[in-house]
Amino acid sequence: MTVGRRRLLKVLTAIPVLGGLVAVLSPLFRFLKPNDGPWQIFTIKPDLPKGGAQVVGKTTALAKPWDFFYFTYVQKFVQYDPTGYKAANIAGVAVRLPKKVKFENASGFVGYKGETDIALFQRICPHLGCIFNFIPDFHEITAGYGGYVPPEFEKHALMGCPCHLSIYDPAFPNDPGNVISGPAPRGARYFEFEIRGEDIVVTGAELGGIA
Amino acid sequence: MLANLKEWLQDRKQHLDLFDETKTAKQDNPLYIIGSLVWLSWMVVIVSGVILMLWYIPTTTGAYRSIEHITYDIPFGWLVRGMHKYAADMLIICITLRIYRMYFAGEYKKPGELSWMILFASLVLGMISGITGYLLIWNQRAFWAAKTVLTVPTYYDEIPLLGNTGLGHAITYIFLGGPAVGQATITRFYAIHFGISVVFVILAEVFFYRTRRRRLNLSPFVIVLVLAFLGWLSFERLTDMGRWANPNRTPLPILSDWYFLALYQLVKYMPPLWAGIAPALLIGYGMLVPFLDRTKETRPLERPLFFTVGMLALVYFIAFTALIMLNIAVISRDPPIIMAVTAVVMVAAFMWELVHRRRKARQAQTPPARPAPPAPRATAAAS
Ligand code: FES
């Protein structure tokens, strides 16, 4: 009889208390856990976002070079709440470039298989998450976005972020959307898209932005 | 080791002086009523905040309207809102001034270390409370301030050598309550905004109860004057509401609350990982400065290095604030200039410190030429 009665009773009461605590804390933990990154413990499938294919516009709206339009893509994340999903709206811009390009940025995410002159960028700034603007006239960049003067070959429509004045070139050779000025550490994120007839269909979005 | 720490804590706890409540003899010096003003403005913030809670609706659809409602429909709602806003500003100003006073007057030295650390932490918490409270209006400025601030921690996942730990994203998602700024973010910010004050008002009350000190070392005249000034401010220039937050449009130029402006400008100049680490380093420096500055000197000019660092911080704070208000940042030109200026000033400060120390040491060696008759115990040996 090494285990005293007191001890035994204590252990016995501790079990339901601990169990209750775990029961209370586990959903909280699930709720607080991030959706990406390596801390993917206690889940069967990683919490990757699902958006599904969404038609965001028509190619006819992009007839001439530098024609563009804004759109919103709804990305859904698995979440611990009654609906099971949490939606994040990703602002985007579609633009027709003057010549064909290949989509491959530093992180290897491909926006379009093959060559195309239609580009779809996420407007979430890769710096700190503001929504950047498509600016058809580069003079506006120099006037309102911290005095950046683009070199000769970049005197065309650019994209600029109002928050900390990062400037992106949508037609940058070999890397559309590359950052040409400002504190952003990388170029604009891509949407993955297909062209079905006249429809531009977004099928996925590069991860990482806080919408 | 542990016993030592306990003794250290015991001793410093005795000398806690969070609201200048022991400086009764110095009340004729305006620098020493700052502490009491901290307490006063804090109380105004709490009382007006509780009144605001009666009408405020913490939802993305209701927040903006409910504040409009408070400002324009509720009798004296404008006064309550103005008091809350301006007293909060005053709180931050007073804590900042007090921190500068303690810094330049060397009040953080033994036995004031703990007081300094608590005050410094309360400045950081006050700023957090400020930014969480700001989002509650749900206007454009607030929305984008919240978003950019909360994207900063995601860069902690890119610290070289450490690799992607996911910690940065975890911090961001915990505050956001999801992948985007939305309803969950408002709820959490509301809780944090409110919780910081609740927890700390309890701690402060325990402190006053234990030490039996006076809470407010101010004459009624000063109190009335301050309250009247806050009331007049809210009547004269109640902050305008800005526009309803629009997640699809970032305004240009974008500004935040005044005490974040300098940091905002800094973020334009730095790679984002550094922009996340730099404030942490600043906070670290603030918390550790009592242990870095080991001399017993309290006069600012007697410790050149720390004096210069303090001045540099002050100058940069003002300069960066001015620059962002003018929306000037030439990213390819400015950072090298700033780096160069900082380096030159720091080297100069270091030299000054060395020269100063050498002179001191020489003075200590040569005995005082003629001991002054009325004070036989010379003070020169103190250093
Ligand atoms: S968020 Fe776009 S430049 Fe900082």
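This report walks through a predicted model, covering where two chains meet and a few residues and strands inside them.

## Ground rules

Residues are counted from 1 along each chain as its sequence is written, while chains get letters from A and ligands get numbers from 1 in the order in which they are written. Since the model is predicted, local features need pLDDT of at least 70 and side-chain atom pairs count only at pLDDT 80 or more, though totals for chains, interfaces and linings use all residues; side-chain values use heavy atoms, with hydrogens and water left out.

## Where chains A and B meet

The size of an interface is often given as the accessible area lost when the parts come together. Here, chain A and chain B bury about 3,200 Å² between them, and 63% of that is on carbon and sulfur atoms. (Buried area is the accessible area, taken with a 1.4 Å probe, that two parts lose on being put together, summed over both.) The contact, meaning heavy atoms within 4.5 Å, takes 34 residues from chain A and 40 residues from chain B.

What about salt bridges, where a side-chain nitrogen of Lys or Arg sits within 4 Å of a carboxyl oxygen of Asp or Glu? The rule finds zero across this interface. Polar contacts do turn up: six residue pairs, both at pLDDT 80 or more. (A polar contact is a pair of N or O atoms within 3.5 Å; within protein, one must be able to donate a hydrogen and the other to accept it, and residues adjacent in sequence count only if both atoms are side-chain atoms.) On the side of chain A that touches chain B, α1 (5-32), β2 (68-78) and β3 (85-102) each supply at least two residues, and β3(A) gives the most, with three. Helices (H or I, at least four residues) and strands (E, at least two) are DSSP runs, numbered from the N terminus.

## A strand tucked inside chain A

β3(A) also pairs with β4(A) in the antiparallel sense, over seven bridges; strands count as paired if DSSP finds at least two bridges between them. One bridge partner in β4(A) is Glu115(A), which goes with Lys102(A). Seven of the eight residues of β4(A) (residues 115-122) are buried, so the strand is largely enclosed by the rest of the structure.

## Two spots in chain B

His84(B) sits in helix α4 (residues 77-104). His84(B) is buried, with a relative accessible area of 17%. (Buried means under 20%, exposed over 50%, partly exposed in between, with a 1.4 Å probe and protein chains only.) A polar atom of the His84(B) side chain lies 3.3 Å from the backbone nitrogen of Gly49(B).

Gly195(B), in helix α8 (residues 183-211), is partly exposed at 24%.
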